[in-house]
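Visitor: Could you take me through one helix packing in close-up, ring contacts included?

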Amino acid sequence: MSFFIAVSVSAHDAAPDYRAWQNKDLLDEATQVRSTDIELSATLLEILKNRSLSEQEKAHYDHLQAYRLILEGKYQDSLEAYQKLKKSDDVNIRLQALSYIMNLHLLQRDHQLAVDQLNDILGLLPHPQIEPELYTKTLMGIGYFHNQLGAHKQALEYLGRLTNRHLTERQQCLVFSHKLSALIGLNSTSPDDVLYHSTMNFCKDIGETIIVEGVMADMAELQVREGNYAWVIDNLAPRLSSVEKGNYPMNKAEFYAHLAVSFYHTGDTERAWEFSVKAMEYASQFRVNHGLYEASKVATKLARSKGTPEQVYVYMADQLERQHNHYLQQRAQESVRKHLEFELDKNKQLITELSDHLAKQHSQLKIVNREIDALSQQNLISIGYIALGGIVIAGLMLSVFGIRSSRNALLDKLQLDPLTKVFHRANLLKHFSIKWQELQQQQHNATLLCLQLDQLSEINYRSGHTLTDWLIERTTEILQDNAPHGALIGRYKGDMLVMLLPNTNMHTLMLLHSKIIKTIDTLNPRMFLTYRFPYHTTSMLVDLSERKETIYSLLASCEARMQVDCHKDGHKLIVDGNSDASDNSVKVDAKAPGIGEVSST
């Protein structure tokens, strides 16, 4: 995304008597409308200008004034204002100032200075007094940092950590737009992408006009790269009056630049010249900007026939300077990215821990309580362990970091996977083997269900690891909810869950599997995405009657056979009878779960 703040203008009818308001109320209101009603924000700050403010109120006021300078395109003035704020004794004011300084350096393409601020930011994030909302905003800033650096995969990783946090509607809009910007940078999206349309609609519905137009400018840059000039003209030209009214400098510059290039390549040199001249009016504000770099080439070519000698000289000089800056920027970005691969790895675990602790604190307390209750009901834990659980809960209340360590310690005792709360691989093999030997000795019927989630790497790439964790957790819960009495469930590997079902025949297992797949298809992670995500799975159903193999061999066979079709779309099902029977492969239509054709393998 070519911006990290956004502005939109709305009209107010009869305004209250703001001069009668207290300082705190004025500051809160100015903060609330700072990006949606510029005029009202300016009015409120003008009232506060001559008032006596406390130290904290003065810092809040100074931040809002520095923010206004960004809206006006006065980045250097805003940078100087935030440099003063980062000296504050208040850790939250310092962190907020550092975040804006980092992004201002990025706008001016001072990558090394931005990295220096990022190191300071990562040093402050673990501070216990950091406010949760500011923590969220800071993660958004780090995602933006990586986007501007061209490290789009890392940007998606940081933005993915926000998906399980409470976000305001505006923050959701910004996260979606930053994710889309990363995908644009990776050439992994298009105007037909559901994420593009859902982001546009969501941001438009909440009145964030300038974010919408920034997203359009980003998509237009991708379409220019791909030579789809008609799309740029058809979509940007009708929106131009709104962009000019919003008066956000970067959006105006990029709209003019993309239109100049597109009209030039479609043969309309008159309009290409018109928009290239408008774009070059922003040359001094944005010395390093890819859109303006391309527009400067058009301006230089057309100035010879349509401009003055002075314009020919100015535009040619600007093009040469931009070409040099473009080369230097690419080298600087590459150098900084290599530096970050070393430096940020040292902080990666810390940030992950902080995000998980802050986002899942309450849910982890509930998890521990549920596990202790389950142990008590199943008579799998002694009174001493119950007492230990009480001590663990008390410890959880005393320390955020105690939550994870106490929880994992308990899960180790339970021999459970920390994410899914079912058997992890080592104990899965142990307990499944014991149960399988008992069933063989008693000559009881049994079946085995193997279920693989095929898209985890793609989901993690596009939407972050939190969504993949969510999907694994929900799928496990679906298995648990449908498991018959006595069934064992485990996580065989990252994307593969297995269930051993004693005293169950293949007909019952087929019905059970159909119900599970239909329930998986109803999963709709509204807290993560604004659109439906089609889940693909590969399943294998095994009839264990008369089978002699070990559980190790059976599971390894399932894993190997499911890999064959896992890259195909939809839900795939392999039905494996006993060793003397022929195997069947069932292809399940993703649009109609449970309905498919059976063919012999």
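Guide: Here is a walk through one helix pair and its aromatic contact. A quick word on ground rules: this is a predicted model, where local features need pLDDT of at least 70, side-chain atom pairs count only at pLDDT 80 or more, and totals for chains, interfaces and linings use all residues. Residues are numbered from 1 along each chain as its sequence is written, and side-chain values use heavy atoms, with hydrogens and water left out.

So, the pair: helix 3 (residues 55-71) and helix 5 (residues 91-107) have axes that come within 11 Å and cross at roughly 10 degrees. Helices here are DSSP runs of H or I, at least four residues, numbered from the N terminus, and axes are lines fitted to C-alpha atoms over the stretch in contact, with angles from 0 to 180 degrees between N-to-C directions. The two helices are therefore roughly parallel to each other, the label for angles under 35 degrees.

On the helix 3 side, A59, H63, Y67 and I70 meet I93, Q96, Y100 and L104 of helix 5 (contact is heavy atoms within 4.5 Å). That contact splits into six nonpolar residues, two polar and no charged; Ala, Val, Leu, Ile, Met, Phe, Trp, Tyr, Cys and Pro count as nonpolar, Asp, Glu, Lys and Arg as charged, and the others, Gly among them, as polar.

Now zoom in on the rings. Y67 and Y100 form an edge-to-face aromatic pair, 6.0 Å centre to centre with 85 degrees between the planes (ring centres within 6.5 Å make a pair, and planes over 60 degrees apart count as edge-to-face). Y67 belongs to helix 3 and Y100 to helix 5, so the pair ties together parts 33 residues apart in sequence. Both Y67 and Y100 are buried, meaning under 20% relative accessible area with a 1.4 Å probe, protein chains only.

Notes. Angles under 35 degrees count as roughly parallel, over 145 as roughly antiparallel, 65 to 115 as roughly perpendicular and the rest as oblique. Rings of Phe, Tyr and Trp (its six-membered ring) pair if their centres lie within 6.5 Å; planes under 30 degrees apart count as stacked, over 60 as edge-to-face and the rest as tilted. Buried means under 20% relative accessible area, exposed over 50%, partly exposed in between (1.4 Å probe, protein chains only).
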